[in-house]
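Grab a coffee and open your viewer. Here are a few exercises to work through, each with a solution that goes step by step.

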Amino acid sequence: MTVFGRLGERAKILLGYAIGFASMFVLWHVASVYLVSSVLFPPPTRVFVKGYELARDGVLGQQIAISMQRILIGFVCGSAIGVPVGLAIGSFAAVRRVLEPYTEFFRFIPATAMITVAVIWFGIGEGSKIFLIIYTTVFVVIVNTAAGVGAVAPNKIRAAQSLGANRAQIFLFVALPATVPYILTGMRAAMGNSFITIIAAELIAANAGLGKMIWDARLFMLVDQIFVALVVLGLLGFVTDRLFRWAIYAFAGRFSPIT
Amino acid sequence: MALVRLSAVSKVFRSLQGRDYVAVRDFDLEIEAGEFFCLLGTSGCGKTTVLNLVAGFERATTGSVEIGGRAIEGPGADRGVVFQGDDSLYSWLTALANVEFGMRMRGIKRGDRQDRARRYLDLVGLAGQDNKHPSELSGGMKQRIQIARVLANEPEILLMDEPFAALDAQTRGVMQQELLKIWRATGKTVLFITHDIDEAIILATRLGVMHAGPASKLKGVIPVELGDHERDRTADRFIGVYRQVHAMIREELAIATRQTA
């Protein structure tokens, strides 16, 4: 019996995370202080102090808010478009045949390749960012949602038919809930894409945001500030992904083998 | 008049390559109201096809499939289906909500349908498991939910497609006895598909043996006139029936084995 054995599941998870993160910072510290020892690779303590200063001045919070707002708006819009389209593709062969060229074509044009076009079309402000997040979200959500509809066990549909459900009821009470785990999985992947896309877009063309913060810091060799932004990105991504995992579990995870 | 009647039924499946596969041909069967009919056959003999035709999941290529004198056009609440696997259960719903499903679709009031659903959960031995989700229950319990779900919908006939085939031998034995008890309590008509001779004899009032596929039909039908205490593998009369059925199915088994093994 290990030390872990006596703890509850939740405590085990938290303890694991705590150890994982702590070891990450220890490794970082050792690497920056003893192995590299360069101003170009600041130790965690310096980064935390810098992060605290930026947070105290309100700069950090503002940049986070700007980037997260862009992600959130684009992500919500992209999912709101992607889910119904995915459901339609998964439910009707005719719709699938017509729309498949779109999904299969644009899937391979990454959002980062669209940055220049987006800026030309929608300017350097919010428009281009939100467009890019929608773009990067919508196809992943469509593909996963459609796959989810296709993966509903035929016996679930047949059982509903034999229990007297009509087509609309089968869609609403069987196909849709059975697809929820796939939708959430697609949205989770889209959220990862959104982080990549927003930073790339803000690095290349933006007047604010975490990506812009990294780019500006580079100009003045503020390596500490770059690291603050990187750590914040990691944490934001980690937290949002946990939230998704939790949602998948709460809605469907415990009933369905998808994680 | 028979409750279910299949006459001169054939079912042809066409593969993607355009080849035809005749599953059943000239298939005749009549099931009387209140009987427990077991359809017994080797794997690939088309017995599930027969069930799917009665369920309305498949349409006959030729011939007629009727229930209560009406032609079967598609699936309907008058024919409840219990599937072999648990993938027909709604994993996002509780046991109770699964059993309520049919009534909910028909707009029965929440209170009424919950009462009825609980009664049927009790009947299948799942009292107190209302709020469990299927993933929290064992294979046997999941099949009990399926049976309760179908019974709660009060169909004219229960169509059971090897419902216990995926269970371990011990659970299967228990479920067979439970099903007999439920059948006696409710008096429902049952069409039960199986490839297990023992199971067919334990359950059936009449059993039909199918020829090996393809283009299968009924080879013969025999009544199983056993008392409750004789529905036991060790009873002399049980063994007598077993020999009779085994003699019928032996050649078919040999044919099926040559085809598939």
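**Exercise 1. Split chain B into domains, then describe how the domains meet.**

Step 1. Keep in mind that you're working with a predicted model. The domain assignment cuts chain B into domain 1, made of 4-78 + 157-260, and domain 2, made of 87-154.

Step 2. Take the centres over C-alpha atoms: domain 1 and domain 2 of chain B are 25 Å apart.

Step 3. Now go to the contact itself. Domain 1 of chain B puts in 13 residues, and these are in contact with 12 residues of domain 2 of chain B. Helix H5 (residues 169-186) of chain B provides the largest share of the domain 1 side, 7 residues.

Step 4. Sort that domain 1 side by class and you get 10 nonpolar, 2 polar and 1 charged residues.

**Exercise 2. Zoom in on B:Glu178: is it buried, partly exposed or exposed, and what does it touch?**

Step 1. Place the residue: B:Glu178 is in helix H5 of chain B.

Step 2. Count neighbours. B:Glu178 has 17 C-beta neighbours inside 10 Å, so it counts as partly exposed. The cut-offs behind that call are 20 or more for buried and 12 or fewer for exposed.

Step 3. Leave out residues up to four places away in sequence, and B:Glu178 touches B:Val124 and B:Gly125.

Step 4. Check the sequence gap for one of these pairs. B:Glu178 and B:Gly125 sit 53 residues apart in sequence, yet their C-alpha atoms are 8.5 Å apart in space.

**Exercise 3. Work out the strand order of the antiparallel sheet in chain B, and find what packs on it.**

Step 1. A reminder before you trace it: strands of a sheet pair through backbone hydrogen bonds, either parallel or antiparallel.

Step 2. Read off the order. This open sheet has 4 strands, arranged S2-S1-S4-S5 in chain B, with antiparallel pairing. Strand S2 (20-31) and strand S5 (70-71) of chain B are the edges, each pairing on one side only.

Step 3. Look at how S1 and S2 connect. S1(B) and S2(B) pair antiparallel over 8 bridges, with B:Val4 opposite B:Ile31 in S2(B). The two strands form a hairpin with 5 residues between them, and B:Gly18 in the turn has a positive phi of about 90 degrees.

Step 4. Move to S1's other partner. Strand S1 (residues 4-14) and strand S4 (residues 62-67) of chain B run antiparallel and are joined by 5 bridges. Here B:Ser7 has B:Ser64 in S4(B) as its bridge partner.

Step 5. Add the helix. Helix H1 (residues 47-55) of chain B packs on the sheet and touches S1, S2 and S4 of chain B, and its direction makes about 115 degrees with that of S1(B).

**Exercise 4. Do the same for the mixed sheet of chain B, with an eye on S7.**

Step 1. Order the strands: this open sheet has 6 of them, running S6-S7-S8-S3-S9-S10 in chain B, and the pairing is mixed. Its edge strands are S6 and strand S10 (218-223) of chain B. Ignoring direction, neighbouring strands are turned by 15 degrees against each other on average.

Step 2. Check both neighbours of S7. Strand S6 (residues 79-82) of chain B pairs with S7(B) in the parallel sense over 4 bridges, and B:Val81 has B:Leu159 as its partner in S7(B). S7(B) also pairs in the parallel sense with strand S8 (residues 189-194) of chain B, over 5 bridges; B:Leu158 is matched with B:Val190 in S8(B).

Step 3. Follow the chain between those strands: S7(B), H5(B) and S8(B) make a right-handed β-α-β unit.

Step 4. Test burial. In strand S7 (residues 157-161) of chain B, 5 of its 5 residues are buried. Both faces are covered, with B:Ile157, B:Leu159 and B:Asp161 on one side and B:Leu158 and B:Met160 on the other.

Step 5. Finish with an antiparallel pair. Strand S9 (residues 206-210) of chain B and S10(B) share 5 bridges in that sense, and B:Met210 stands opposite B:Leu218 in S10(B).

**Exercise 5. Characterise the contact between the two chains, from the chain A side.**

Step 1. Chain A contributes 17 residues and chain B contributes 21 residues.

Step 2. Helix H7 (154-162) and helix H8 (167-204) of chain A each supply at least two residues of the chain A side. H7(A) gives the most, with 6 residues.

Step 3. By class, the chain A side has 8 nonpolar, 6 polar and 3 charged residues.

Definitions and conventions:
Residues numbered from 1 in each chain as written. Chains lettered and ligands numbered in written order. Predicted model: local features only at pLDDT ≥ 70, side-chain atom pairs only at ≥ 80, totals over all residues. Domains from an automatic or database assignment. Contact = placed C-beta atoms within 7 Å. Nonpolar A, V, L, I, M, F, W, Y, C, P; charged D, E, K, R; others polar. Pairing = 2+ DSSP bridges. Axes fitted to C-alpha atoms, helices over the stretch in contact; angles between N-to-C directions. Right-handed = clockwise from strand over helix to strand, strands pointing away.
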